[in-house]
Amino acid sequence: MLITGVTGFVGRELAGWFLDKGIPFRSASRHPEAARLLFDDPLIDCKQFDFENSQSYGQVFDGIKSLFLTRPTEIKHVEPIIETLYAAKEAGVQKIVFLSVLGAERMSFLPHRKIEKKIISLGFDYTFLRASSFMQDLLKSQLYDIRERHQLNIPAGSAEISFIDSRDVAEIAFLALMGKTPVNDAVKLTGKQALTCYQVADILSEEIGEEIKYVNPTKYQFLQDCYHRGYSSDFASQLANVYTSSKNGISRRISLEAEKILQREPRYMREFVRDYRNAFIKRNSDRA
Ligand SMILES: NC(=O)c1ccc[n+]([C@@H]2O[C@H](COP(=O)([O-])OP(=O)(O)OC[C@H]3O[C@@H](n4cnc5c(N)ncnc54)[C@H](OP(=O)(O)O)[C@@H]3O)[C@@H](O)[C@H]2O)c1
């Protein structure tokens, strides 16, 4: 078993599932030392791996039958991932659980769809996890604005988004890798509510106890902000595209597939905010 993106939101939770069950696995990261420190567990064989460096492919795929594949948002072009798929095939990998996006089947221009098609054409067994926006994104691109400016700064207008908790996605990835979901299938993973960013700001305000205002930036304003924050332009524009594309209505769809696989309701936004409440609050020591 190999997990790519092991230091990412889904990857690290997925790793936790394997560790909890005492199942050994290999992880692939550009920073294997960071992964070792993160988990500090002999069950993980941490290997150095970079999609953009084909020299790093050999050592990670050796002896691997199943792969959890994350396409890093930072990689704009699809070619390094396609090259990785060829290397995996040649090394004998049989099954891929791929972290894709909601609506990928309708958006052939997306790298995710191109990767899905290549996985199928190379003859892997597969599960595509077509996930809606992660609640955990609030802990990444939005954390500074929420903590420091009491703002939610997402260019989604008043679109409804069926946010899902990446911990639920990780659990489903684990079940898929364990053969507990149908093979050669794509599952739509959403939460049970589609919320506007105004509603998300209300939930944040209620749970944090300080007013968080949704500022509803234009795409241009959002990109300017990302630029000042030091994000790469590729990363910023991909992030902006995800949110602005939610205005086309794709992200408001609610699917019951996550609930069916988990055999429980997926987590709600309020539960997510409660669980991570401390991360959203500026501590007194931060104010000094
Ligand atoms: N965020 C969402 O709301 C959301 C929703 C649905 C689907 N998705 C999809 O999920 C995927 C990951 O999303 P994210 O950006 O939010 O992930 P993330 O959690 O920030 O994780 C990205 C991972 O990619 C790894 N990585 C980055 N560059 C790499 C490289 N050159 N070679 C090898 N590993 C590399 C990083 O690991 P190291 O730094 O340790 O190498 C990190 O673990 C994307 O394809 C995204 O479209 C995201």
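These legends go with a set of close-up views of a predicted model.

**View A. Two domains, side by side.**
Here's the overall split: domain 1 covers 2-131, while domain 2 is pieced together from 132-165 + 190-252 + 268-288. Taken over C-alpha atoms, the centres of domain 1 and domain 2 sit 26 Å apart. Seven residues from domain 1 and eleven residues from domain 2 make up the contact. Look at the domain 1 side of that contact and you'll find three nonpolar, two polar and two charged residues.

**View B. The stretch annotated in UniProt.**
An unreviewed UniProt entry lists residues 2-272 as "domain: NmrA-like". In this model, residues 2-272 are 42% helix and 15% strand. Follow the span from one end to the other and its end C-alpha atoms turn out to be 28 Å apart.

**View C. Around the ligand.**
What surrounds the ligand? A shell of 25 residues does, and the closest are Gly-8, Ser-29, Arg-30, Pro-72 and Thr-73. Sorted by class, the shell holds ten nonpolar, nine polar and six charged residues.

**View D. Where the ligand shell comes from.**
Domain 1 (2-131) and domain 2 (132-165 + 190-252 + 268-288) each put at least three residues into the shell around the ligand. Among secondary-structure elements, helix 1 (9-21) chips in at least two shell residues, and so does strand 5 (95-101).

**View E. Asn-216 and its positive phi.**
Asn-216 isn't a glycine, yet its phi is positive, at about 50°. You'll find Asn-216 in the loop that runs between strand 9 (213-214) and helix 9 (219-229). Is Asn-216 buried, exposed or partly exposed? Asn-216 counts as partly exposed because 18 other C-beta atoms lie within 10 Å, and the buried class starts at 20 or more while the exposed class stops at 12 or fewer.

**View F. Gln-263, another positive phi.**
Gln-263 also has a positive phi without being a glycine, this time about 60°. Its place is the loop between helix 11 (257-262) and helix 12 (269-275). Why does Gln-263 count as exposed? Gln-263 has 7 C-beta neighbours inside 10 Å, so it falls in the exposed class, which takes residues with 12 or fewer.

Conventions: Residues are numbered from 1 along each chain as its sequence is written. This is a predicted model: local features need pLDDT of at least 70, side-chain atom pairs count only at pLDDT 80 or more; totals for chains, interfaces and linings use all residues. Domain bounds come from an automatic or database domain assignment. Two residues are in contact if their C-beta atoms, placed from the backbone, lie within 7 Å. Ala, Val, Leu, Ile, Met, Phe, Trp, Tyr, Cys and Pro count as nonpolar, Asp, Glu, Lys and Arg as charged, and the others, Gly among them, as polar. UniProt positions are given in the numbering used here, feature names are shortened, and annotations may be inferred rather than shown by experiment. Helices (H or I, at least four residues) and strands (E, at least two) are DSSP runs, numbered from the N terminus. A residue is near a molecule or strand if its C-beta atom, placed from the backbone, lies within 6 Å of it.
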